[in-house]
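Visitor: I should like to examine this structure with you and to ask on what grounds each description rests.

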Amino acid sequence: MEKIIVNGVKKLRGEVNISCAKNSILPIIAATILCPESIVINNAPMLEDVEVICKLLRELNCEVDFSKIDDKLKINTSNINPIDANTELIRKMRASFLIMGAMLARFGYCKLSLPGGCNIGSRPIDLHLKGFKLLGADIIMGYGFVEVKTKKLIGNRIYLDFPSVGATENILMAAVLAEGTTIIENAAQEPEIEDLARFLNKMGANIEGAGRGKITIHGVKDLKGIEYTPIYDRIEAGTFMIAAGITNSTIKINGVNEEHLRPVIEKLKECGLVFSEYKNNSIIVDGSRIKKAVDIKTLPYPGFPTDMQAQMMSLLSVTEGTSVITETVFENRFMHVTELARMGANIKIDGRTAIIEGVPQLTACEVKATDLRAGAAMILAGLVADGQTEIGDIYHIDRGYVNVEEKFRKLGADIYRIDV
Ligand code: UD1
């Protein structure tokens, strides 16, 4: 079992390079199923989650090759076997369920194990299935499986009750090869949806409006193989912005699309961070000024991202005054509160709201990464806690951060991984 050790309190300095977005590459890999030609994905971040979806494709008889020399991921799904996909991998990572829309579009059939809930919430799939049904698929559920089948998918108007990221992506992939036009209303607007559509359009799809609430997909007959580079990971970039803030340091972050981070940057400015010299996808973050308490409500994009909530809580734990964080996207995303409290943070939970009274100093202890972003929050807290913080269950962190200790070490942090 591995642990991450962080020795506080050190200032950070220098530059960090952000990887491509986990939440872009996962649906893009799923979308390679739509086309029987070779596809190359550049700058592929080989995160644990990416390994899982690659393994799933290999088990379905696809060719998947990653070159460490140039970070290119080559996928060819021409020999994919539309059999029932491995139960274990679907349960292991919810995003594996994203292959359903593409499988349905290519074969008119797909049977997958129902994705389990996870520790941040129950995470149902009703909106994904509602979309498939409206496109003409029959849905059979039982014995832990969901099966979708159709003779032909036909475009339709689909209204999502909630702008679910995964449902928007799955329906988008199913609709790309459907006959006629599909309109998704109240679609998720996350930059990763726009990225998926850009990838599909480059392959020959006809999608308009991705990145806005109404997406129009004109079905096409087939798609062709291409080479593509996904967008930068806005959550990784946001995590390093908070690292600058919590350690009162100034750092340069390379690989930032300022537009995608607008909700995070605006909130961090309100808190007292200063951003300058935004050019060539780089930004300088000055976290040396006195911070002030802020209130945050997580919302679908362009609101404040739920994936930045835990990291923000670490910062506010050591910011003088009372901050309030309201989590509206997932019903159980405050597990990091108990861990932060072990480090001396003063946080009270009332339903979906956390009230944080800033304390002058956190103290190091053994903590757990209770989920992916909660793990990042523990690293951030460890950077400023007095003493040595030991973070367990770090497989969660590896799901979404590439070489996390190396990146922090390059900035001057005292952080390393041990095998226990
Ligand atoms: C994606 C991201 C995740 C992020 C989340 C919200 C990926 C791989 N993961 O997850 O990092 O935290 O968006 O920004 O891109 N819901 C339903 N019915 C459905 C689907 C979702 O009720 O059929 C609900 C969920 O329970 C949750 C909310 O919608 O409360 C948001 O979920 P969703 O946007 O679907 O998140 P994911 O796609 O799973």
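The conversation below goes through the overall fold, one helix, a further residue and several strand pairings.

Visitor: What kind of model is this, and what does its secondary structure come to?

Guide: This is a predicted model. The secondary structure of the protein comes to 14 helices and 23 strands.

Visitor: What makes the protein as compact as a globular protein of its length?

Guide: Its radius of gyration is 21 Å, and the globule rule gives 22 Å for 420 residues; the two values are close, so the protein is as compact as a globular protein of that length. Along the principal axes, the C-alpha trace spans about 65 × 45 × 45 Å.

Visitor: What share of the residues counts as buried, and what surface does the protein expose?

Guide: Of the 420 residues, 57% count as buried, the criterion being a relative accessible area under 20%. The protein exposes about 16,600 Å², of which carbon and sulfur atoms supply 48%. As for contacts with a separation of 6 or more, 72% of them are accounted for by residues 24 or more positions apart.

Visitor: Which residues does UniProt list for "binding site"?

Guide: The unreviewed UniProt entry lists Lys 22 and Asn 23 under that heading, and such annotations may be inferred rather than shown by experiment. Lys 22 is found in helix H1, which comprises residues 22-31, and Asn 23 is found in H1 as well.

Visitor: Why is Lys 22 called buried?

Guide: The relative accessible area of Lys 22 is 7%. Buried means under 20%, so Lys 22, at 7%, is buried. Leaving aside residues up to four places away in sequence, Lys 22 touches Leu 47, Asp 49, Asp 233, Leu 372, Arg 373, Arg 399 and Gly 400.

Visitor: Why does Asn 23 count as partly exposed?

Guide: Asn 23 has a relative accessibility of 27%. Partly exposed is the class between buried, under 20%, and exposed, over 50%; 27% lies in between, so Asn 23 counts as partly exposed. With residues up to four places away in sequence again left out, Asn 23 touches Glu 169, Glu 192 and Asp 307.

Visitor: How do you know that H1 is mostly covered?

Guide: Nine of the ten residues of H1 are buried. Lys 22 is one of them, and the others are Ser 24, Ile 25, Leu 26, Pro 27, Ile 28, Ile 29, Ala 30 and Ala 31.

Visitor: Why is Val 165 called partly exposed?

Guide: Val 165 has a relative accessible area of 29%. The class runs between under 20% for buried and over 50% for exposed, so Val 165, at 29%, is partly exposed. Its place is in helix H6, residues 165-175. Val 165 touches Ala 188, Glu 190 and Ile 193, not counting residues up to four places away in sequence. Val 165 and Ala 187 are 22 residues apart in sequence, with a C-alpha to C-alpha distance of 7.8 Å.

Visitor: What makes S4 and S13 edge strands?

Guide: They belong to an open sheet of four strands with mixed pairing, in the order S4-S5-S3-S13. Strand S4 (63-67) and strand S13 (227-228) are the edge strands, as each pairs on one side only. S4 pairs with strand S5 (residues 72-76) in the antiparallel sense over five bridges, and Ser 67 has Lys 72 in S5 as its bridge partner.

Visitor: How do you know that S17 and S18 count as paired?

Guide: Three bridges join strand S17 (residues 295-297) to strand S18 (residues 322-326), in the parallel sense. Pairing needs at least two bridges, so three bridges suffice. Ile 296 stands opposite Ile 325 in S18. From S17 the chain crosses through helix H10 (residues 309-317) to S18, and this β-α-β crossover is right-handed. S18 also pairs with strand S20 (residues 353-357), in the antiparallel sense over five bridges; there Ser 323 stands opposite Ile 356.

Visitor: Which strands pair with S22, and in what sense?

Guide: Strand S1 (residues 2-7) runs antiparallel to strand S22 (residues 388-392), and four bridges join them. Strand S21 (residues 366-368) pairs with S22 in the parallel sense over three bridges. In S22, Glu 390 is the bridge partner of Ile 5, and Glu 366 also stands opposite Glu 390. The chain crosses from S21 through helix H12 (residues 372-384) to S22 in a right-handed β-α-β crossover.

How values were computed: Residues are numbered from 1 along each chain as its sequence is written. This is a predicted model: local features need pLDDT of at least 70, side-chain atom pairs count only at pLDDT 80 or more; totals for chains, interfaces and linings use all residues. Side-chain values use heavy atoms; hydrogens and water are left out. A crossover is right-handed if, with the strands pointing away from the viewer, the path from the first strand over the helix to the second runs clockwise. Buried means under 20% relative accessible area, exposed over 50%, partly exposed in between (1.4 Å probe, protein chains only). Contact means heavy atoms within 4.5 Å. The radius of gyration is taken over C-alpha atoms; the globule rule is 2.2 Å times the number of residues to the power 0.38. Accessible areas come from the Shrake-Rupley method with a 1.4 Å probe; for residues, only the protein chains shown count as cover.
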